[in-house]
Amino acid sequence: MVTTGRIIGVMQHVAEVEFLLDPPQMHEVLTLVQDDQAILEVYQSAGVNTYFCLILRGSSALVRGAEVLRTQKPLRIPVGEGVLGRVFNVFGEPLDEKGSLGKKSAPIFEYNAVSLDDVAIPQQIMETGIKAVDFFAPMVHGGKMGLFGGAGLGKTVILTELINNIVIRQGKEEKPGKKSKQPERYSVFAAVGERSREVQELVENLAQADALAKTSVIVGQMGENPAVRFQTAYAAVRVAEYVRDAMQSDVLFFMDNMYRFSQAGYELSTLMNSIPSEDGYQPTLPSEISQIQSRLYSTTENSITSIQTVYLPSDDLTDLAVRSQFPYLDAMVVFSRDIYQQGRLPAIDLLASTSAALSPEIVGEAHYNTYMEAKKLLEQAIAIERLVSMVGLSDLSTDDQVTYKRAQILKNYVTQSFFVSAVQTGRPGTFVPRLTCVQDIAEILNGTFDGVDPERFLNGGSLAELQLR
């Protein structure tokens, strides 16, 4: 028996559908009797026998009174070997003109039950080669890292550098015919509300470095309707889950941008006349973020290491859509507009950035103790900088002058040239191992370079590369 309903209201990207008999399942795909190219997805109950549906793909026939048809199938996304090296959208349609993605697919909202005993707690540091990240907010293998910053501060640049250092660089170091010591690892990139230009550049860089073959790129670009942008995030998570569970491989999961996901949910919630929370966002915001983050876990067999950019509206770290990400992250890298305007790149706020890995058991005693000393120095420098702005450097005590200059050296040392921006800056990129960075900062804190001009530490690599001795 074919079950049909009818549309009783259309609100831009949301349709209200009535089913008097045999109601549809949550997340079930509906289509129009008059046009089977239209795609609607049941999202939530709207009342007695009525349902709000996301209009993923519209049609001129999608009007009030139009008949809709149940497909009795959920929205599915291509998975497996066929999506590696491919760029596609939430409908499983290729965007790279390379033909079919294969027959294997999986429901976007299919959950794999797992025992808590099989969930791994991240303990191993993953080096990024970026000094400010590895020292002040070290990333853990199998954990989650958030990159927080306002517009134009370099979130996407550092995300691209992370892809270069973790994905591309490792691929170049693996010699052909020689088995790598590292386990097989694939990458999934979710472009949620991203600019098509940036996605194109990412794909070209991956292809040039022969790293695209192990990467899947799922795109819901900025110009798409909010329903498509919203479901793109879930689709990308499903691809990552399949790699972890079915393909038994480690996954690097990148999402740019988590705020755009929250924003898409807000747009849809407004169309469904939901009463907003006190902060103005949709009341379902925490659960929407939880559905994404709780699926990006690592098991004792295979891991998902997640790096997500989070846009800060008005540079406000206390915004609800931003704060809702905090409980799920192992590391936070926070960008500062003040630091950006001072010309120190990457414009990372060293004191606001942090990581759960900053403990002696994970990073080691040397890194932990050096970090605590560096943090103390930077905190002392904040008060001294206020004095300098009022009375000048020469009127400070000798101890305060030493502290101020040493803090300047430290802040300049963690600036760095990136491989991905070498063409624009004219400076070659640098990769600094974490332990080398720890040793260098320990020397700076011990006063070894107190007599060196702080400007000489800008945009370089390790102290050995700077050749200051």
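This passage describes a six-stranded barrel, a loop aspartate and a buried strand in a predicted model. Residues are numbered from 1 along each chain as its sequence is written, and side-chain values use heavy atoms, with hydrogens and water left out. Because the model is predicted, local features need pLDDT of at least 70 and side-chain atom pairs count only at pLDDT 80 or more, while totals for chains, interfaces and linings use all residues.

We may start with the barrel. Six strands form a closed barrel in the order β1-β2-β5-β4-β3-β6, and their pairing is antiparallel. Here strands (E, at least two residues) and helices (H or I, at least four residues) are DSSP runs, numbered from the N terminus, and two strands pair if DSSP finds at least two bridges between them. On average, neighbouring strands of this sheet are turned by 45° against each other, direction ignored; axes are lines fitted to C-alpha atoms, for helices over the stretch in contact, and angles run from 0 to 180 degrees between N-to-C directions. Within the barrel, antiparallel strands β2 (residues 14-18) and β5 (residues 50-57) are joined by five bridges, and Val14 faces Leu54 of β5 across this pairing. Helix α4 (residues 226-245) packs on the sheet, where it touches β4 (39-47) and β5. The direction of α4 makes about 90° with that of β5; contact means heavy atoms within 4.5 Å.

Turning to the loop between β8 (86-88) and β9 (105-107), this is where Asp96 is found. Asp96 is buried, with a relative accessible area of 18% (buried means under 20%, exposed over 50%, partly exposed in between, with a 1.4 Å probe and protein chains only). Apart from neighbours within four places in sequence, Asp96 is in contact with Gly85, Arg86 and Val87. Its side chain also makes a polar contact of 2.8 Å with the side chain of Arg86; such a contact is a pair of N or O atoms within 3.5 Å, and within protein one must be able to donate a hydrogen and the other to accept it, with residues adjacent in sequence counting only if both atoms are side-chain atoms. Ala106 lies 10 residues from Asp96 in sequence and 21 Å away in space, C-alpha to C-alpha.

Strand β16 (residues 304-311) is largely enclosed by the rest of the structure, because eight of its eight residues are buried. Ile304, Ser306, Gln308 and Val310 point one way from β16, and Thr305, Ile307, Thr309 and Tyr311 point the other way. In a regular strand, side chains alternate between the two faces of the sheet. Strand β12 (residues 144-149) runs parallel to β16 and is joined to it by six bridges, with Leu147 opposite Thr309. Strand β15 (residues 250-256) also pairs with β16 in the parallel sense, over five bridges, and there Met255 stands opposite Gln308.
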